[in-house]
Amino acid sequence: MKSIAPVQQTESLRHDWSLEEIGQLFELPFNDLLFRAQQVHRASFDPNQVQISTLLSIKTGRCSEDCGYCPQSARHDTGLENEDLLPLDEVLQQARAAKAKGSSRFCMGAAWRGPKDRDIEPVVEMVKGVKALGMETCLTLGMLSEAQTERLKQAGLDYYNHNLDTSPEYYGEVITTRTYEDRLETLKRVREAGINVCCGGIIGMGESRRDRIGFMQQLANQPKHPESVPINMLVKVEGTPLENVEDLDPIEFVRTIAVARILMPQSQVRLSAGREAMSDEMQALCFLAGANSIFYGEKLLTTPNPATDRDHQLFARLGIEAV
Ligand code: SAM
Ligand code: DTB
Ligand code: SF4
């Protein structure tokens with residue numbers, strides 16, 4: 001199976017973007033912005049390849065955090081079926097199925113503020129088991145201690161997903177049970193342990209363009225760009241505080257993808273949650289803007305994702321090869 005190894009980041013990448021410069025990118029005429037993003041994209045990637053990852057929720061619901069977007073928070077009544085940590089054999093069965101469908105990376109997510117120490121060994125077994133199938137591994141478990149991070153590195157974990165989600169200024173409007181600083185601290189631990197970083201966020205939560213600019217600046221000005229940058233379009237889930245937030249202009253979403261591509265030229269920009277509500281044409285624009293990975297399979301963590309048949313047809317229409 002082919003897979004895209006993280007590009008070795010070069011010295012010439014910038015980590016000093018000002019808000020003003022990023023704002024100017026957002027304001028470019030759409031065609032100029034997309035042209036520039038596509039040029040940057042082609043300098044590091046095959047423009048017709050898209051990496052595909054499959055998600056599995058290994059522990060679902062009853063989360064103590066109050067993230068306004070999330071169906072898994074114990075504070076929102078979303079009618080979700082809760083589930084304790086899945087047994088190893090069930091996780092491996094799902095991973096095998098994902099591999100058989102062509103997925104190169106398996107991402108396991110848990111509805112935790114952070115794992116308890118007793119949760120780590122069962123998760124380590126999952127990482128080892130999925131790696132043994134020849135797939136890349138990714139975990140998203142919330143905040144990690146230094147010892148937990150080290151243990152996951154030892155187990156051979158390839159990627160850790162931990163999102164900044166929005167600008168520092170807007171963060172407190174959406175989440176009150178942890179701070180931006182908490183997020184940055186876990187990201188630093190993961191980076192220092194030598195695990196690849198997957199870090200992005202959610203667009204369409206009622207934030208302003210100024211917030212999208214600030215969010216992009218936070219990602220791009222990390223000491224090293226995240227190897228993977230998931231850009232989610234909010235999935236509005238009934239029962240969450242954000243269920244009735246106003247729809248975002250799809251063109252603004254595509255602009256955000258293009259800006260992410262220009263700021264982080266060698267990162268995988270992942271067109272993440274929200275594809276189920278996007279037209280094929282919008283997704284095609286996102287790929288043109290530099291998105292080069294997706295989540296693949298009928299479910300994200302708890303919400304629907306496009307059927308694999310629909311994705312096959314889309315890739316065929318666009319001449320895209322899944323890697
Ligand atoms: N509990 C861990 C955490 O929050 O870091 C890991 C799992 S959490 C579900 C992973 C990410 O999913 C969040 O950071 C958020 O960006 C994304 N997410 C959750 N609900 C979403 C929604 N309704 N729409 C789009 N993205 C969402
Ligand atoms: C990310 O940025 N998006 C994925 C992954 N990282 C873990 C999760 C999206 C979750 C969407 C809501 C749900 O399905 O529960
Ligand atoms: Fe819990 Fe993560 Fe959902 Fe927040 S995003 S409520 S931390 S599962």
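Me: What makes a polar contact?
Reply: A polar contact is a pair of N or O atoms within 3.5 Å; within protein, one must be able to donate a hydrogen and the other to accept it, and residues adjacent in sequence count only if both atoms are side-chain atoms. This is a predicted model, where local features need pLDDT of at least 70, side-chain atom pairs count only at pLDDT 80 or more, and totals for chains, interfaces and linings use all residues. Residues are numbered from 1 along each chain as its sequence is written, and side-chain values use heavy atoms, with hydrogens and water left out.

Me: Why is the pair between Asn-163 and ligand 1 called a polar contact?
Reply: An N or O atom in the Asn-163 side chain is 2.9 Å from an oxygen atom of ligand 1. The limit is 3.5 Å, so the pair counts.

Me: How do you know that Thr-302 makes a polar contact with ligand 2?
Reply: A polar side-chain atom of Thr-302 lies 2.7 Å from a ligand 2 oxygen atom. For Thr-303, a polar side-chain atom lies 2.8 Å from an oxygen atom of ligand 2. The protein covers 88% of the 410 Å² of accessible area (Shrake-Rupley method, 1.4 Å probe) that ligand 2 has on its own.

Me: What makes the classes in the shell around ligand 2?
Reply: Ala, Val, Leu, Ile, Met, Phe, Trp, Tyr, Cys and Pro count as nonpolar, Asp, Glu, Lys and Arg as charged, and the others, Gly among them, as polar. The shell around ligand 2 therefore divides into six nonpolar, six polar and no charged residues. Around ligand 1 the shell has eleven nonpolar, four polar and two charged.

Notes
Chains are lettered from A and ligands numbered from 1 in the order in which they are written.
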